[in-house]
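Here is a walk through one protein model, taken a piece at a time. Keep the picture in view and follow along.

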Amino acid sequence: LLAVKYLKKYFWVNLQTAMESRFVLLFCIVFCFQAAFAIRDGSWSVSSSSSSISADSGSTTRTAVFALGCFWRAEAVFGCLPGVLRTTAGYCGGLKENPEFRNTGDHAEAVEVEYDPQVIRYDQLLDVFWSSHDPTQIFGQGPDVGDQYRSIIFVKEDGEARFATSSKEREQAKHKENLVTTEIQQTGTFYPAEVEHQKFELRRKASLMQLMGELAAEEFARSHAATKLNAYAAGMCPLATQKAIEDKLALFLKAWPNLYQIFSR
């Protein structure tokens, strides 16, 4: 019904004629997907609209910034966590103004995580940070070599600094023979990365991108649904959540055979 109202308002065409068009059918699927995509797993939900926490509802969100190697993977690591609303790939930790992917200067690739502290705590984000990379590696992370891939916890206040310091001490205790090289820094300016680096894993899935529709670049980067689907596309979601997302997506993908064939490959 939402799709029908939308079509009547913006296309001014006869509904029966419009539904005969494959393009309009795809539009209906995309619109319904964005309006109705909701996944519930225990106490959390995924929705591009209703799950977002805003100042209007009286709730507040917080942001945390971490550097743990390539920001493509880092963004996906946090995206499927309960309580995480949005993730943004970017650059932080240096003095260079307006860094770019090919010219990061003294910055590190980082991810900004917007989260609901009533659902997930800062120390839980730290646990994910430590478990998702090798903090003893020097001048790179995994196959990525360079100072821009260094390990950093960015803190904004004394409480975060205490959590970060104590968590680093615990992590060091696990590595008796190696030094944990992770830095703890005050959060300076966080520069969002270029559009093509946002939700990179999701961008590699043509069928999922079609379901997201023609969102403006900023809207796509800030989308709650895109954040969750990016983690899903990278295989970073817990199995139960992964299955819940697949079941929900199947309702839309099966309605459009060409999309379903792409997704099934």
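Which residue in strand 5 is the bridge partner of Thr63? That residue is Glu114. Before going on, a word on the ground rules: the model is predicted, so to speak, from end to end, with local features needing pLDDT of at least 70, side-chain atom pairs counting only at pLDDT 80 or more, and totals for chains, interfaces and linings using all residues. Residues are numbered from 1 along each chain as its sequence is written, and side-chain values use heavy atoms, with hydrogens and water left out.Let's start with the strands. Helices (H or I, at least four residues) and strands (E, at least two) are DSSP runs, numbered from the N terminus. Two strands pair if DSSP finds at least two bridges between them. The Thr63 bridge belongs to the pairing of strand 3 (residues 62-68) with strand 5, where 5 bridges join the two and they run antiparallel. On to strand 4: 8 bridges join it to strand 5 (residues 108-115), again in antiparallel fashion. Within that pairing you can look up Ala89, whose partner in strand 5 is Val111, and Cys92, whose partner there is Ala108. Strand 4 also pairs with strand 10 (residues 191-192), in the antiparallel sense and over 2 bridges. Here Gly90 stands opposite Pro192.

How covered are these strands? We'll call a residue buried when it has under 20% relative accessible area, exposed when it has over 50%, and partly exposed in between (1.4 Å probe, protein chains only). By that yardstick, strand 4 (residues 84-92) has 9 of its 9 residues buried. Strand 5 is mostly covered too, with 7 of its 8 residues buried. Cys92, which we met a moment ago, has a relative accessible area of 0%, so it counts as buried.

Now swing over to helix 5 (residues 122-131), which is mostly covered, with 7 of its 10 residues buried. Those buried residues are Tyr122, Asp123, Leu125, Leu126, Val128, Phe129 and Trp130. What do they pack against? Counting a contact as heavy atoms within 4.5 Å, they pack against strand 3, helix 4 (71-79), strand 4, strand 5, strand 8 (151-155) and helix 6 (158-174).

Some of those names come back when we look at rings. Rings of Phe, Tyr and Trp (its six-membered ring) pair if their centres lie within 6.5 Å; planes under 30 degrees apart count as stacked, over 60 as edge-to-face, and the rest as tilted. By this rule the count comes to 9 aromatic pairs. One of them is Phe129 with Trp130, an edge-to-face pair with 5.0 Å from centre to centre and 70° between the planes. Phe129 has 0% relative accessibility, so it is buried; Trp130, at 6%, is buried as well. Ring pairs also link Phe66, Phe78, Tyr122, Phe129, Trp130 and Phe163 into a cluster.

Glu75 deserves a stop of its own. You'll find it in helix 4, and because its relative accessibility is 0%, it counts as buried. What does Glu75 touch? Leaving out residues up to four places away in sequence, its contacts are Thr87, Thr88, Ala89, Val111, His197, Gln198, Lys199, Phe200 and Asn230. Ala89 and Val111 are the bridge partners from earlier.

Asn230 takes us to helix 10 (residues 224-233), where 10 of the 10 residues are buried, so the helix is largely enclosed by the rest of the structure. Among the buried residues of helix 10 are His224, Lys228, Asn230 and Tyr232. At the start of helix 10, a side-chain oxygen of Ser223 reaches to within 3.3 Å of the backbone nitrogen of Ala225. After the helix comes Gly235, whose phi is positive, near 75°.

Last stop: the cysteines. A disulfide is a pair of cysteine sulfur atoms within 2.5 Å, and the structure holds 1 of these. The link joins Cys80 to Cys237, with 2.0 Å from S to S. With 95° about the S-S bond, the link of Cys80 and Cys237 is right-handed. Cys80 lies in the loop between helix 4 and strand 4, while Cys237 lies in the loop between helix 10 and helix 11 (239-253), so the pair ties together parts that are 157 residues apart in sequence. Are these two cysteines buried or exposed? Cys80 is buried, at 3% relative accessibility, and Cys237 is buried, at 7%. Cys70 counts as buried too, at 18% relative accessibility.

How values were computed: A polar contact is a pair of N or O atoms within 3.5 Å; within protein, one must be able to donate a hydrogen and the other to accept it, and residues adjacent in sequence count only if both atoms are side-chain atoms.
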